[in-house]
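Please keep the sequence and the structure side by side while reading. The paragraphs below move through them step by step.

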Amino acid sequence: MVRRVVTGVIAIANAVKLADVDVITAYPIRPYTGVMNELARMVADGEFDAEYVIADCEHSQFEMAKHASMAGARVFTGSAGIGFAYAYEPIVVTASDRAPVVAMLGDRTLDDPGCFGVEHTDALADRDLGWIMFFAENAQEALDMTLMAYRVAEDARVLLPALVCCDGHFITHVYRPIDMPESEQVKAFLPPYNRQYLLDPDRPVSIAPQVGSSGEHAYEFRRQMVEAMVAARRIISEASEDFGKIFGRKYPPFVEEYMVQGADAVLIILGNMSMNAREAARQLRAKGERVGVVRIRTYRPFPDVELQKVLVSAGAVGVVDCNFSYGSPLGGGIVCNDVRSALYGFPRAPPVVDFFAGLGGREVTVEDFIGMFRILLTAARTRKAEKNVYWIGLRE
Amino acid sequence: MIEAIYVELWWLGMSVGDMKSVRVHARGVTQTSAATQLVRLIAEVAVMEGKDSMAWGYYNDSPDRINVPVKWYASVSSKPIVISPPYDPPVVEASVILEQALLKAWTTGEGVGGVDVMEGLSSKGVLAVNTESRFDELRCFLPKSDFSGRVVTLAASRMDRSLYVPMAAVVAHTTGIVSVKQLSDLVGKSLGEDKRLVIDRACKEALVEEV
Amino acid sequence: MMGVSLEVKSISDVPREEYYASGHRTCAGCGPAIMCKLAAKAAGPRTVILGATGCMYVANTSYYLTPWVVPWMHTQLGAGGSAGAGTAAAFRALMRKRKLRGEKINVIALCGDGATADIGMNALSGGMLSGQDFLYICYDNQSYANTGIQASGTTPWGAWTTFTPPGRASPTGNVRLNKNLARLVATGHPSVEYVATASIAFPFDFMTKVREGLAVDGPAFIQVQTPCPKGWRFDSSRTIEVGRLSVETGSWFLYEVVKGDLRLTYRPRELLPVAEYVRAQGRFAHLSETDIETVQKRVDEACREIGLAPSSER
Amino acid sequence: MSYGLKKPLASWKEMPPGVVVPAVPPGGKNAWYKTGNWRIQRPVVDKKKCTKCRICWLYCPDSAIQYELLEADLEYCKGCGICSRECPAKAITMVSEMKFRPGE
């Protein structure tokens with residue numbers, strides 16, 4: 001195992017190379033572009049063999065990826081922010097065609113205002129379309145998640161595309177030490193992509209014909225997709241265990257818990273911000289306050305059972321939303337409303353408070369998190385949140 | 001099972017609203033306009049009579065293709081309609097055939113293509129055909145059924161280029177689903193007084209036969 | 001690879017096998033359906049077809065059914081070029097990496113004129129630039145026929161469509177001059193070695209071009225005119241006749257551009273007046289004699305430009 | 001509901017993942033979508049006039065004209081009339097469907 005100091009995008013490029021990807025489709029948009037730059041270099045230098053296709057826009061890029069996948073190739077693509085939104089149509093059909101494309105998303109604020117600071121709305125706005133969604137915390141996890149993504153997406157019981165979400169700047173552009181897996185390890189972990197139905201003249205099928213428009217078939221396909229997501233839960237657990245055995249790095253498949261044992265206040269968080277949240281929790285624990293952090297690693301399929309287990313005994317729950325959801329129930333963010341749904345109906349369900357933070361790439365400091373914990377601790381004592389939503393670090 | 005419940009709901013709708021439906025069989029593209037206008041006209045006359053109505057085409061037939069058998073419907077009720085428009089009403093009072101070769105559209109057999117013009121036709125209903133032939137000459141084309149209603153034949157294409165005006169007259173005349181007089185008033189007002197004559201002639205020349 | 005051996009000279013050169021079988025929901029007399037049949041015959045069994053949204057998707061593969069013998073897959077309306085490039089890239093990579101063996105697999109993207117000239121222009125251009133080995137066939141029926149005849153980028157001047165209805169305030173119908181797709185591809189994409197126009201009324205010419213396009217190692221483009229009885233408003237039996245009239249009046253040219261050199265593959269012996277073509281179609285029924293003269297003038301100019309003697313100069 | 005589709009409708013568990021249907025076998029036809037009832041007129045071939053040039057076979061949009069027999073497969077022929085119009089020998093006449101009883 002070699003230790004190297006690289007950015008998140010370089011880490012992911014190495015995962016793509018280790019996975020022996022066949023087709024890469026590229027189009028530039030910050031902050032994900034670096035992964036494609038690195039892959040272009042690798043292919044040009046003959047470090048690994050892949051068709052590197054330059055697309056004319058994200059729509060074409062994701063369509064190319066989908067079709068290459070349906071022709072039997074292992075595919076990598078990616079985007080960021082509004083670029084991912086430009087590819088909305090292919091994003092929808094990639095999932096419904098059951099093409100196990102793996103994409104990296106360099107999370108970025110949606111335009112306007114033009115800004116490439118991190119926001120998770122680009123990914124979360126597409127949360128319900130059949131993509132498996134992983135959120136990484138750092139470069140190492142981004143690399144590991146990419147390998148996981150292929151394993152889960154291509155599993156015959158799943159066959160869904162997967163998205164590895166990486167915070168702009170904090171993951172994509174920051175150099176961190178990583179352990180580079182050996183290709184033998186990857187071979188042991190990741191079987192070749194092989195599926196029953198694809199574009200093959202020796203076994204011809206028609207893929208994605210039109211179905212009757214008075215309700216004959218489309219409904220059944222929707223139900224199939226739900227089942228694929230259910231299967232994905234199982235496969236993600238299975239693959240995480242294998243991953244730990246083969247690579248020696250153990251990850252909880254869905255949520256990572258930090259100091260939640262007996263916690264009065266728990267913060268739920270996605271992505272790299274969890275680092276400062278954990279530090280805040282550590283400092284408060286040192287002062288005797290019972291606080292903890294839960295980081296969601298897998299957002300789709302949503303870790304409802306895992307969250308229920310951790311949260312029903314908490315005094316108050318805070319959700320950090322680095323996204324927007326205008327006009328939503330109680331004015332909350334996307335993650336908060338999903339968490340609330342997961343807790344609904346539990347007789348001793350804790351109050352849930354939403355903290356908007358970090359939008360547009362604004363830094364969220366350890367002190368900010370300490371502030372959030374203080375609000376939560378009050379709520380835990382009174383079993384009631386004073387407000388549903390707080391905007392942390394906003395100029396009022 | 002689902003179908004049975006659905007039919008029951010439909011009948012419930014009928015008993016609540018006294019709903020009666022008409023189905024039009026036509027050829028795609030070349031007759032789509034006539035079929036559309038026919039059901040729209042029936043629905044409009046019904047509204048003039050103070051009834052509630054709806055008219056629609058079979059959703060899967062859209063987009064239509066040249067010569068494909070297409071279906072259009074009109075439902076009329078003396079009380080406000082309280083159920084949503086079905087794709088394909090299971091019972092109709094009249095089955096209107098704008099192109100006579102559609103009578104044998106059932107013979108294609110298995111698959112999506114088969115179209116039975118007698119399907120769901122109420123046993124005392126009306127089969128109205130745009131044809132120059134008499135029913136005796138057409139009988140051999142129909143599938144076996146326990147239909148015991150009336151068959152109406154009229155050379156509507158020759159009578160009026162619109163095709164739908166004389167056929168609407170036939171429907172009104174034989175089923176009473178809307179009144180011929182109201183129909184004539186509306187058509188006279190919107191399409192010209194001479195069209196009233198078409199309606200009179202259609203009612204007179206339509207050959208009504210018991211099966 | 002290119003040369004005489006690919007040529008379809010007569011009916012005896014046409015494969016008997018059907019790769020686009022009976023049983024589809026296209027109009028009686030559908031021009032694009034004839035295109036599907038001829039293209040599939042020319043390409044043969046080791047072919048993958050990618051169909052953009054349009055009539056040849058909705059009408060062919062209605063109700064969870066298919067008439068295709070060879071593998072077929074739907075692609076989104078604006079994605080013909082991407083579908084072709086993506087699929088071809090996969091085959092190229094898999095064959096090079098020995099993950100897939102056997103003879104070359106032809107990749108054909110079959111897209112309508114709306115899917116090509118309008119929404120899919122990006123993807124077409126990107127696909128033509130990709131260097132990937134696929135053939136893009138644009139079946140040009142000069143409107144969005146599947147949605148019920150709306151004006152597209154190739155709808156000719158003066159045509160009725162539901163978006164360009166001739167009315168009192170605007171009697172001409174479509175006043176936009178149509179895009180010249182094949183020339184756009186040929187002129188703007190120097191690395192594309194084969195670009196052609198064709199017509200289903202000249203089936204041997206079209207089939208030969210399909211084979212030439214597939215023989216090129218890289219992207220190739222064919223724009224094939226496919227008269228549409230529904231949209232052009234003529235009797236369903238006249239599809240081939242109208243296609244022939246289009247070529248014989250100089251309203252449509254048959255040529256190929258090989259490595260940048262344009263060559264007419266069919267020269268009408270004597271061009272007919274354009275009125276014969278225009279008057280054969282209901283979509284032009286509202287045009288006045290002056291309008292037709294305008295059309296004739298434009299056709300004359302185009303003829304001169306491409307090297308045909310205009311009919312009015314004989 | 002049957003939705004006019006006589007093909008048995010599979011449950012979601014029986015459907016292959018993704019929207020996938022088997023291709024038509026070589027030499028076969030789409031058995032689930034027969035278009036013979038689109039016809040208002042049918043092509044009738046005068047075998048004496050027919051020169052077997054096979055232009056009708058080449059142009060038929062529905063691949064209904066059979067190569068050897070040079071007659072229309074009436075389960076699929078939509079009666080467009082292209083064969084009749086394009087026949088150089090004028091050997092094909094379009095005849096009203098009402099002249100033929102079911103099964104004829």
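A residue is called buried if 20 or more other C-beta atoms lie within 10 Å of its own. The model considered here is a predicted one. Val205(A) offers a case to which the definition can be applied: it has 21 C-beta neighbours inside 10 Å and therefore counts as buried. This residue lies in strand β9 of chain A. Leaving aside neighbours within four places in sequence, Val205(A) is in contact with Tyr197(A), with Pro71(C), and with Val20(D), Val21(D), Pro22(D) and Ala23(D).

The strand that holds Val205(A) leads to a sheet built from several chains. β9(A) is joined by two bridges to strand β2 (residues 72-75) of chain C, and the two run parallel. Within this pairing, Ile207(A) stands opposite Met73(C) in β2(C). The sheet is open and has ten strands, in the order β8(C)-β7(C)-β5(C)-β6(C)-β4(C)-β3(C)-β1(C)-β2(C)-β9(A)-β1(D), and its pairing is mixed. At the edges stand β8 (261-264) of chain C and β1 (20-22) of chain D; each has a single partner strand, so one side of each is left without a neighbour in the sheet. From one strand to the next, the twist averages 20°. An antiparallel pairing in this sheet is found between strand β5 (residues 194-199) of chain C and strand β7 (residues 255-258) of chain C, which are joined by three bridges. There, Tyr194(C) has Val258(C) as its bridge partner in β7(C).

The contact between chain A and chain C may be considered next. It takes 39 residues from chain A and 46 residues from chain C. On the side of chain A, at least two residues each are supplied by β2 (23-26), β3 (51-54), α3 (58-70), α5 (88-96) and β9 (205-207). Which element gives the largest share of this side? The answer is α3(A), with nine residues. In character, the residues on the chain A side divide into 21 nonpolar, nine polar and nine charged.

Chain A itself can be described by its domains. The domain assignment gives domain 1 (2-247) and domain 2 (255-391). Their C-alpha centres lie 28 Å apart. The contact between them takes 25 residues from domain 1 and 19 residues from domain 2 of chain A. On the domain 1 side, the elements that give two or more residues are α6 (121-124), β6 (132-135) and α9 (218-247) of chain A. The residues of that side divide into 13 nonpolar, seven polar and five charged.

A second sheet belongs to chain A. Six strands form this open sheet in the order β10-β12-β11-β14-β15-β16, with mixed pairing. β10 (255-258) and β16 (389-391) of chain A stand at its edges with a single partner strand each, so one side of each has no neighbour in the sheet. Neighbouring strands are turned by 20° against each other on average, direction ignored. Strand β11 (residues 265-270) of chain A pairs in the parallel sense with strand β14 (residues 316-321) of chain A over four bridges, and Val266(A) has Val317(A) as its bridge partner in β14(A). β11(A) also pairs with β12(A) in the parallel sense, over six bridges; here the bridge partner of Ala265(A) is Val291(A) in β12(A).

Why is β11(A) described as largely enclosed by the rest of the structure? Six of its six residues are buried, so the description follows. In a regular strand the side chains alternate between the two faces of the sheet. In β11(A), Ala265(A), Leu267(A) and Ile269(A) point one way, Val266(A), Ile268(A) and Leu270(A) point the other way, and all are buried. Helix α12 (residues 334-343) of chain A lies across β11, β14 and β15 (352-356) of chain A and runs at about 150° to β14(A).

Finally, the largest nonpolar core has 331 residues, and those with the most contacts inside it are Val164(A), Leu38(B) and Ile42(B). Helix α7 (residues 139-153) of chain A gives the most to this core, namely ten residues. Domain 1 (2-247) and domain 2 (255-391) of chain A both give residues to the core, so it lies between them. Not counting residues up to four places away in sequence, Val164(A) touches several residues, among them Ile12(A), Phe134(A), Ala142(A) and Met145(A).

Definitions and conventions: Residues are numbered from 1 along each chain as its sequence is written. Chains are lettered from A and ligands numbered from 1 in the order in which they are written. This is a predicted model: local features need pLDDT of at least 70, side-chain atom pairs count only at pLDDT 80 or more; totals for chains, interfaces and linings use all residues. A nonpolar core is a set of buried Ala, Val, Leu, Ile, Met, Phe, Trp, Tyr and Cys residues joined through C-beta atoms within 7 Å. A residue is buried if 20 or more other C-beta atoms lie within 10 Å of its own, exposed if 12 or fewer, and partly exposed in between; C-beta atoms are placed from the backbone. Domain bounds come from an automatic or database domain assignment. Two residues are in contact if their C-beta atoms, placed from the backbone, lie within 7 Å. Ala, Val, Leu, Ile, Met, Phe, Trp, Tyr, Cys and Pro count as nonpolar, Asp, Glu, Lys and Arg as charged, and the others, Gly among them, as polar. Two strands pair if DSSP finds at least two bridges between them. Axes are lines fitted to C-alpha atoms, for helices over the stretch in contact, and angles run from 0 to 180 degrees between N-to-C directions.
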